[in-house]
Amino acid sequence: MDLFDFKDGREGYYGEYGGTFLPEILHTTIEELTVAFRNAKEDPSFWQEFIQLLQSYSGRPTPITHLENLSEKLGGAQIYLKREDLNHTGSHKINNVMGQGLLVKRMGKKRVIAETGAGQHGYATATMAAKFGFESKIYMGAVDVARQRPNVFWMENMGSEVVAVTDGQQTLKDAINECLRDWVTNMDNTHYVLGTACGPHPFPEMVSWFQSVIGREAREQMLDVTGQLPSKIFACVGGGSNAIGLFQGFMEDTDVQLIGCEAGGFGPGKGNHAARLAYKDASVGVAQGMKTYFLQNDDGNMLETHSVAAGLDYIGVNPILVHLWEQERVRFEAVTDIEVTEALKMTMRSEGIIPALESSHAFAQAIKEAPSMEKDEIILINTSGRGDKDIFTIADAIGDDHWKRFISQKAAEYES
Amino acid sequence: MNLNSYIEERKRALANSDRTALIMTHVVCGYPSFEDNWKELEIMAEYGVDLVELQFPFSEPSADGPLFVKANQEAIANGVNVEDCFAFMEKVSSHFPFKVIMMGYYNTVFKTGHGTFLERLKAAGGVGFILPDLPVEEAGELHQIANQLDLAPIVLMTPTNSDERLIRLAEAADGFIYTVARKGVTGSNTEMNQEVGGFIERCKTVTSLPLAVGFGVSNKYDIDFIGEHADIAVIGTAALKAWESSRESGLREFFNQLLN
Ligand SMILES: Cc1ncc(COP(=O)(O)O)c(C=O)c1O
């Protein structure tokens with residue numbers, strides 16, 4: 001199944017979803033981007049350059065790791081991880097960012113802007129901008145700035161300007177709106193480095209293409225190490241880039257179940273979560289450049305979202321994944337904040353690995369399903385990022401007194 | 001009377017007056033309140049405004065600048081919904097002499113349903129609609145229904161469009177063309193200069209529809225400039241700013257300097 005073999009007049013559509021819904025002022029810009037992307041995609045030397053860059057700069061290929069202790073403890077399937085957390089900057093976001101960076105160089109633009117939720121995409125973009133010598137501005141919801149300060153710190157120190165967005169819910173979607181406003185003003189010299197497989201065409205296709213490096217590596221590695229394909233693959237879904245990146249490697253392997261794990265937050269009910277497909281609170285709409293499922297009310301205004309993970313509390317979802325969900329190729333499940341924290345604790349204790357809160361959603365669902373699977377079956381989880389960045393949130397969730405005391409002391413030092 | 005004939009009529013009236021351009025103003029439904037909207041509209045009618053855009057608030061107004069973003073958000077926070085906007089539009093269009101156009105984002109229309117939305121727009125006395133985030137490629141069905149209902153789909157032309165693209169846009173348009181004077185979002189001022197003039201002239205080569213010019217229109221010079229090159233001056237943020245600064249007196253003062 002070639003997801004990107006569009007029918008005539010339906011470029012950028014995956015079933016009913018996707019498309020390009022942008023103000024007319026960006027028409028030329030998005031057309032230029034589409035052409036530049038097509039040329040790059042058809043040029044084998046571009047992909048080669050991309051892979052070499054990721055090898056030398058980000059440590060690719062990332063390994064797979066067998067979680068022997070956790071598998072044993074759960075008593076079912078053997079659990080393996082794809083270690084995107086071991087990338088430079090600590091998440092899969094760098095794959096997409098380096099790809100777009102190379103494209104920006106080709107297009108001859110000198111300035112990049114990006115939205116960021118958890119801060120991982122902003123962090124990766126700041127890194128790329130520093131390396132390539134681009135001017136950069138990162139838009140981040142004020143709520144996210146408050147909960148992901150360590151990432152803001154690194155972005156600023158790498159020379160990016162970080163703007164705290166105070167409109168709307170002050171999270172990812174509002175940062176995207178600000179990026180669009182910047183882009184309609186500065187498109188001549190500026191590229192918008194969208195961080196997930198959402199937004200107007202060609203972004204979903206482009207981000208998926210760069211992230212497909214995860215799935216290509218993973219399939220080969222799994223066959224090498226285990227001699228078989230996994231029965232189930234779990235990935236968390238915010239916008240849906242790490243998930244589509246891994247899933248693409250297994251698209252033709254119809255026996256491999258693909259499971260997208262969304263933010264269940266406090267559980268079902270409008271405003272409590274960010275599960276667009278697993279719960280029944282979302283419907284089809286058109287916003288932020290694309291047609292897809294959105295958490296919205298009957299008037300088409302977006303609902304509040306909630307998740308313990310800043311990178312998952314997005315109102316919309318990758319239109320490619322929606323199409324695959326309708327075709328029953330991808331199953332969607334939601335995991336609550338409490339389940340996520342428990343899964344994270346269990347993983348740290350049993351394996352010495354700290355997945356990001358986002359990635360921990362995939363762990364939590366895998367932990368639920370592993371015990372009822374056979375011992376010779378295999379589960380693969382995408383560890384989309386590492387949890388170090390979440391130290392403040394995790395310390396709160398765990399209620400760690402030593403950490404609290406340390407922070408108070410530090411604060412007192414700064415006060416004096 | 002449909003939008004095309006109305007504009008023709010107003011243009012004839014304009015020729016016999018000392019005004020240089022037709023005027024279209026903008027109000028965000030329910031911001032600061034529907035009562036305030038009504039007072040603003042009374043003043044606009046007093047100054048002989050020809051057209052009014054009623055913006056239906058949307059939670060993601062990504063083509064708007066800070067003041068309208070705030071207006072959209074606060075209107076929604078105050079509970080303004082699509083139902084309220086149509087009810088208000090009906091009151092406005094039956095009371096005032098100017099014609100009313102719906103302005104908003106496509107999701108509002110999409111969620112309500114193309115047919116239902118346009119029928120309600122027609123019933124509320126609207127004569128057209130402006131949806132800045134709906135590209136013409138995606139507008140086929142909606143424009144067809146609009147055509148059947150004699151509602152004008154207003155299309156935007158922008159300085160970044162190629163000539164080829166402008167032709168495509170002209171084919172899809174009716175009523176008038178909304179030409180966007182510059183890059184960026186609504187709000188900040190535009191210097192009405194040769195570049196803007198050149199762009200408007202480029203639009204004229206592809207369409208015979210009347211041309212409205214918007215984004216950053218704020219003073220008498222702008223109006224005269226637009227009158228010279230085009231037909232309709234669009235007053236957006238500047239009027240809301242005037243209202244925010246000192247309500248009735250602020251808005252009257254604004255129109256005084258703008259039109260006299
Ligand atoms: C570590 C990590 N995983 C996952 C996500 C969610 O994004 P996506 O669904 O595009 O992979 C984020 C987003 O910020 C992230 O930082």
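**View 1. Helix α10 (residues 220-229) of chain B lies across β1, β7 and β8 of chain B.** The helix runs at about 145° to β8(B); axes here are lines fitted to C-alpha atoms, for helices over the stretch in contact, and angles run from 0 to 180 degrees between N-to-C directions. Contact means heavy atoms within 4.5 Å. Helices (H or I, at least four residues) and strands (E, at least two) are DSSP runs, numbered from the N terminus. Keep in mind that this is a predicted model: local features need pLDDT of at least 70 and side-chain atom pairs count only at pLDDT 80 or more, while totals for chains, interfaces and linings use all residues. Residues are numbered from 1 along each chain as its sequence is written, chains are lettered from A and ligands numbered from 1 in the order in which they are written, and side-chain values use heavy atoms, leaving out hydrogens and water.

**View 2. Eight strands of chain B close into a barrel.** Going round, the order is β1-β2-β3-β4-β5-β6-β7-β8, with parallel pairing; two strands pair if DSSP finds at least two bridges between them. Neighbouring strands are turned against each other by 30° on average, direction ignored. Take β7 (residues 211-214) and β8 (residues 232-235) of chain B: they run parallel and two bridges join them. A212(B) has I232(B) in β8(B) as its bridge partner. Helix α1 (residues 3-15) of chain B packs on this sheet too, touching strands that include β1 (22-28), β2 (51-55) and β8 of chain B, and its direction makes about 125° with that of β1(B).

**View 3. An open sheet of six strands sits in chain A.** The order here is β3-β4-β14-β9-β10-β13, and the pairing is mixed. β3 and β13 (330-336) of chain A stand at the edges with a single partner strand each, so one side of each has no neighbour in the sheet. From one strand to the next, the twist averages 25°. β3(A) and β4(A) pair in the antiparallel sense over three bridges, and T65(A) stands opposite L81(A) in β4(A). Helix α9 (residues 203-226) of chain A packs on the sheet against β3, β4 and β14 (378-382), making about 140° with the direction of β4(A). Helix α12 (residues 337-351) of chain A touches β10 (257-265) and β13, at about 90° to β13(A).

**View 4. The ligand has 18 residues around it.** The closest are T196(A), G238(A), G240(A), S241(A) and S384(A); a residue makes the list if one of its heavy atoms lies within 4 Å. Polar contacts are pairs of N or O atoms within 3.5 Å; within protein, one must be able to donate a hydrogen and the other to accept it, and residues adjacent in sequence count only if both atoms are side-chain atoms. A polar backbone atom of G238(A) is 2.7 Å from a ligand oxygen, and one of G239(A) is 3.2 Å from a ligand oxygen. N242(A) uses a polar side-chain atom, 2.7 Å from an oxygen atom of the ligand. Taken alone the ligand exposes 390 Å², of which the protein buries 98% (Shrake-Rupley method, 1.4 Å probe; for residues, only the protein chains shown count as cover).

**View 5. Some backbone oddities turn up in loops of chains A and B.** Most residues other than glycine have a negative phi, and most peptide bonds are trans. The bond joining R60(A) and P61(A) is cis, with omega about -5°; P61(A) is in the loop between α2 (44-58) and β3 (64-66) of chain A. Y31(B) to P32(B) is cis as well, with omega near -10°.
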